[in-house]
Amino acid sequence: MTAVEPADLAEFLAEHPPFDSLGPEALDETARAARVERFDDGDLIHDAFHEPTDEVFVVIAGQVDLLWNDGRQVPPDPADLLGPGGVFGFRAMLTGQSIGPRAVAIGAATVARIPASLAGP
């Protein structure tokens, strides 16, 4: 998936927690409000150590490495590699604080940014 239509994103989200618990209308609203971006290998997606976020991030395609330290984690910890359906940024969004992680694309990656107003409690 590179160009992602809202209907396709809603269908994708419906297959992945926590969005799989949403009804069709909420999924459609979430997908319409989401901003989908493509990243190349090594691109910084978001550094929640330096910038708080008001979004939750969902990996649509590819892989994202979550760095919880100074960014020199080589090789990536398999537990911190997210593939399609992986969600990150939730804690930083909930607290409104810069608490990490630093998210970096591993290879080409497509990520949806979902506004807090639709992803939060």
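His-16 is a good place to start: at a relative accessible area of 18%, this residue is buried. The cut-off for buried is under 20%, so His-16 falls inside that class. His-16 sits in the loop between α1 and α2. Setting aside neighbours within four places in sequence, His-16 is in contact with Pro-84 and Gly-85. Keep in mind that all of this comes from a predicted model.

**The overall layout**

Zooming out, the protein chain has four helices and six strands. Going along the sequence, they come in the pattern α-α-β-β-β-β-β-α-β-α. Of the 121 residues in the protein chain, 40% are buried. If you like contact statistics, take the contacts with a separation of 6 or more: residues 24 or more positions apart account for 77% of them. The accessible surface of the protein chain is about 6,400 Å², and carbon and sulfur atoms own 51% of that.

**Two nonpolar cores**

Which residues have the most contacts inside the largest nonpolar core? They are Leu-9, Phe-12, Leu-13, Phe-19, Val-58, Ile-60 and Ile-114, in a core of 16 residues. Two or more residues each come from α1 (6-13), α2 (24-33), β3 (55-67) and β6 (102-115). The top contributor is α1, which gives four residues to this core.

Phe-19 deserves its own look. Not counting residues up to four places away in sequence, Phe-19 touches Leu-13, Ala-14, Leu-27, Val-58, Val-87 and Ile-114. There is also a second, separate core, made of twelve residues, with Leu-66, Phe-88, Ala-103 and Ala-105 among them.

**How α2 sits**

Helix α2 has a buried side and a side turned away from it. The buried residues of α2 are Leu-27, Thr-30 and Ala-31. Looking down the axis of α2, these buried residues fall within an arc of 95 degrees, so they line one face of the helix. The face turned away from the buried side carries the exposed residues Glu-25 and Arg-32. And what covers the buried residues? The cover over that part of α2 includes α1, β6 and α4 (116-119).

**The one aromatic pair**

A search of the whole structure turns up one aromatic pair. Phe-57 and Phe-88 are the partners, and they are stacked, at 4.9 Å centre to centre with 10 degrees between the planes. Why does this pair tie together parts that are 31 residues apart in sequence? Because Phe-57 lies in strand β3 while Phe-88 lies in strand β5 (residues 87-88). Both Phe-57 and Phe-88 are buried, and Phe-88 is one of the residues in the second core mentioned above.

**Salt bridges**

Side chains of opposite charge can pair when their charged atoms come close. This structure holds five salt bridges, including the three below.

| Acid | Base | N to O distance |
|---|---|---|
| Asp-40 | Arg-38 | 2.8 Å |
| Asp-47 | Arg-102 | 3.8 Å |
| Glu-55 | Arg-113 | 2.8 Å |

Start with Asp-40 and Arg-38, whose side chains meet at 2.8 Å. Asp-40 counts as partly exposed because its relative accessibility is 42%, and Arg-38 is partly exposed as well, at 47%.

Next come Asp-47 and Arg-102, with an N to O distance of 3.8 Å. That pair links distant parts of the chain: Asp-47 is in strand β2 (residues 44-47) and Arg-102 is in strand β6, 55 residues apart. Buried or partly exposed, where do the two partners fall? Asp-47 counts as buried, at 13% relative accessibility, whereas Arg-102 is partly exposed, with a relative accessible area of 26%.

Then there is the bridge between Arg-113 and Glu-55, at 2.8 Å. Here too the pair links distant parts of the chain, with Arg-113 in strand β6 and Glu-55 in strand β3, 58 residues apart. Arg-113 counts as buried, at 11% relative accessibility, and Glu-55 counts as buried at 14%. These two residues also belong to something bigger than a pair: salt bridges that share partners join Arg-35, Glu-37, Glu-55 and Arg-113 into one network.

**Where β3 and β6 turn up**

A couple of strands keep coming back in this account. Strands β3 and β6 are among the elements that give two or more residues to the largest core. They also hold the two ends of the Glu-55 and Arg-113 bridge. Strand β3 carries Phe-57 of the aromatic pair too, and β6 is part of the cover over the buried residues of α2.

How values were computed
Residues numbered from 1 in each chain as written. Predicted model: local features only at pLDDT ≥ 70, side-chain atom pairs only at ≥ 80, totals over all residues. Heavy atoms only, no water. Core = buried A, V, L, I, M, F, W, Y, C linked by side-chain atoms within 4.5 Å. Buried < 20%, exposed > 50% of the residue type's maximum accessible area, 1.4 Å probe, protein only. Contact = heavy atoms within 4.5 Å. Salt bridge = Lys/Arg side-chain N within 4 Å of Asp/Glu carboxyl O. Phe/Tyr/Trp six-rings, centres within 6.5 Å; stacked < 30°, edge-to-face > 60°. Arc of directions from axis to C-beta. Areas by Shrake-Rupley, 256 points an atom, 1.4 Å probe, with all protein chains shown as cover.
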